[in-house]
Amino acid sequence: MAQAAYFRLEHSAVNRARQGWGYLAAHANYAANVRKCSQIIHVNGADNRHAIQNLISAHEYSLTRKNARVADKVLLSLPVELTEEHRHEALRRFLRSITFDGRTRAIAFYHSDHAHNPHAHVILLDRDVQTGQPVALMGANRQNRLKAGLEPNATEWLRKTWETDCNSVFSEFGYSLEVDRRSNLERGIEEAGEHRGWQAENDNALDVVPPHAPISDEKPALQPDSVAQPDEEDARQGEEEMAYVAVDERKPEELSAAERVYVARMAHQEAKAIQGAIERRNNAVQRYEAARLVAQRAAEAFSSQGIVTMAAEHAYYQAKQAYEATHTESGRAKGFKLAVFGKTLWQSEANRKAEEAEQSLAGADYKAEFAKKDLDALSAQSQTESRRAQELFDQAEKHVQYLQTVYGTDQEADEALKAHEASVTAYMEGISMEELVVMVEEGEISVGEAVEALQIMGRDHDAEELANHEFHQQQDQGPEL
């Protein structure tokens, strides 16, 4: 007898009046997070998070009702006993079933970041890709679903479908397991224990977008989840920073003048390193933001053209229906027409409608073809801009992560910068030009170090005077004969 595997399916609807514009795109953007989602499986969808958002935007714009049912969300727990490949296969079968073999669209985001809790977030767009009409009737009442030959309860239909498709994988690939959608009470067994997989650190909540969060199609702020390797520029800077000694904890008055100059120079170099990391981070984020806006405009153009294309395809579908209604299976126009030398003397009403339908079909075919070409061109452009935005996002994220790894939060980095700048002032305060000249002549510091010490204090005039001091000129002369 087959052992029972874990079954979990949760279903909810996305309604425009309740969740607002952009909610579904925000949900998809979360579900496609590369740190959580290891595989995107779809039917008539896309496998790129930006292309998916474009597709969802086009779908949402095509719905005109204020309270339109935008989509249906499904959360599936996948049996841990299945291999990764067989989990993917179970998802593919489920998507094929709920889209009626590809008549509608569905996208599954497979999350495997927690080995003990593999699961998938599924988005079902229940609109026929040809006609734009509902197929699964997810929002219809029980009577209308029954009339259409469907399970009266949409959620129960999803549960049955997943049970069937998951068990077919178990059976086909030799697993002695099965899932059962029924509750323990319905099966006559003891009540279930703690709900497996529902833990504080998990993300497998059905509603992954907080109900009161502002909905936006903008990319989330750059908040890294883990530490990435710094890029070459930061790595080189890091090597220099690691060579610096910590600022001396002794008070300035406890140090010699030469030691104070040395500590001030090190603090200044550290402050420059922090400032440089902040500027590189800010510049990278600005480049990403500019590219994101370009990608967003390209996505909006693609979405607008998607609506035009859907309308053109729908017009073609209607024209084709009219053509088929007025022509025989062999393609001959119905009715009768009497013509002499190309001039119509008499024509039946059926024949006249057949000619009009033929002309309408030709025109609709032409418009649909060119609308599709424009859509393909805009899709390619949108994908190119999306890839560029993603590349710049990754670069910006590295700078953000490097800054946080080395210096902590923005506040901590700012505090460190101010502390080093204050150290420069404290340790250089009171050091006169005469003291610097003595230190150089006694070999405690070099001329360059003395000049740098004056420059970091903003004493450029003194720095220039010191650089041209007599001892400097003597050092530049050759040995006396």
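This report describes the overall make-up of one protein chain, a surface patch and two single residues. The model is predicted.

**The chain as a whole**

The chain has 481 residues, and 42% of them count as buried. Its secondary structure consists of 15 helices and nine strands. Among contacts in the chain with a separation of 6 or more, 74% are between residues 24 or more positions apart. The chain exposes about 26,700 Å² of surface, and 49% of this is supplied by carbon and sulfur atoms.

**A nonpolar patch**

Six side chains are named here: F336, L338, V340, F341, L345 and W346 make a nonpolar surface patch of about 710 Å². Two elements, β8 (337-340) and β9 (343-347), give two or more residues each to this patch. One of the patch residues, L338, lies in strand β8.

**Two residues side by side**

The table sets L338 beside T309, a residue in helix α9, which spans residues 257-326.

| Residue | Element | Relative accessible area | Class |
|---|---|---|---|
| L338 | strand β8 | 40% | partly exposed |
| T309 | helix α9 | 2% | buried |

Why does T309 count as buried? The relative accessible area of T309 is 2%, and buried means under 20%. L338 has a relative accessible area of 40%, and values between 20% and 50% are classed as partly exposed.

Which residues does T309 touch, leaving out those up to four places away in sequence? They are A371, K372 and L375.

How values were computed: Residues numbered from 1 in each chain as written. Predicted model: local features only at pLDDT ≥ 70, side-chain atom pairs only at ≥ 80, totals over all residues. Heavy atoms only, no water. Helix = DSSP H or I, 4+ residues; strand = E, 2+ residues; numbered from the N terminus. Buried < 20%, exposed > 50% of the residue type's maximum accessible area, 1.4 Å probe, protein only. Contact = heavy atoms within 4.5 Å. Areas by Shrake-Rupley, 256 points an atom, 1.4 Å probe, with all protein chains shown as cover. Patch = residues over 30% accessible without salt bridge, like charges linked within 9 Å, V, L, I, M, F, W, Y side chains within 5 Å. Salt bridge = Lys/Arg side-chain N within 4 Å of Asp/Glu carboxyl O.
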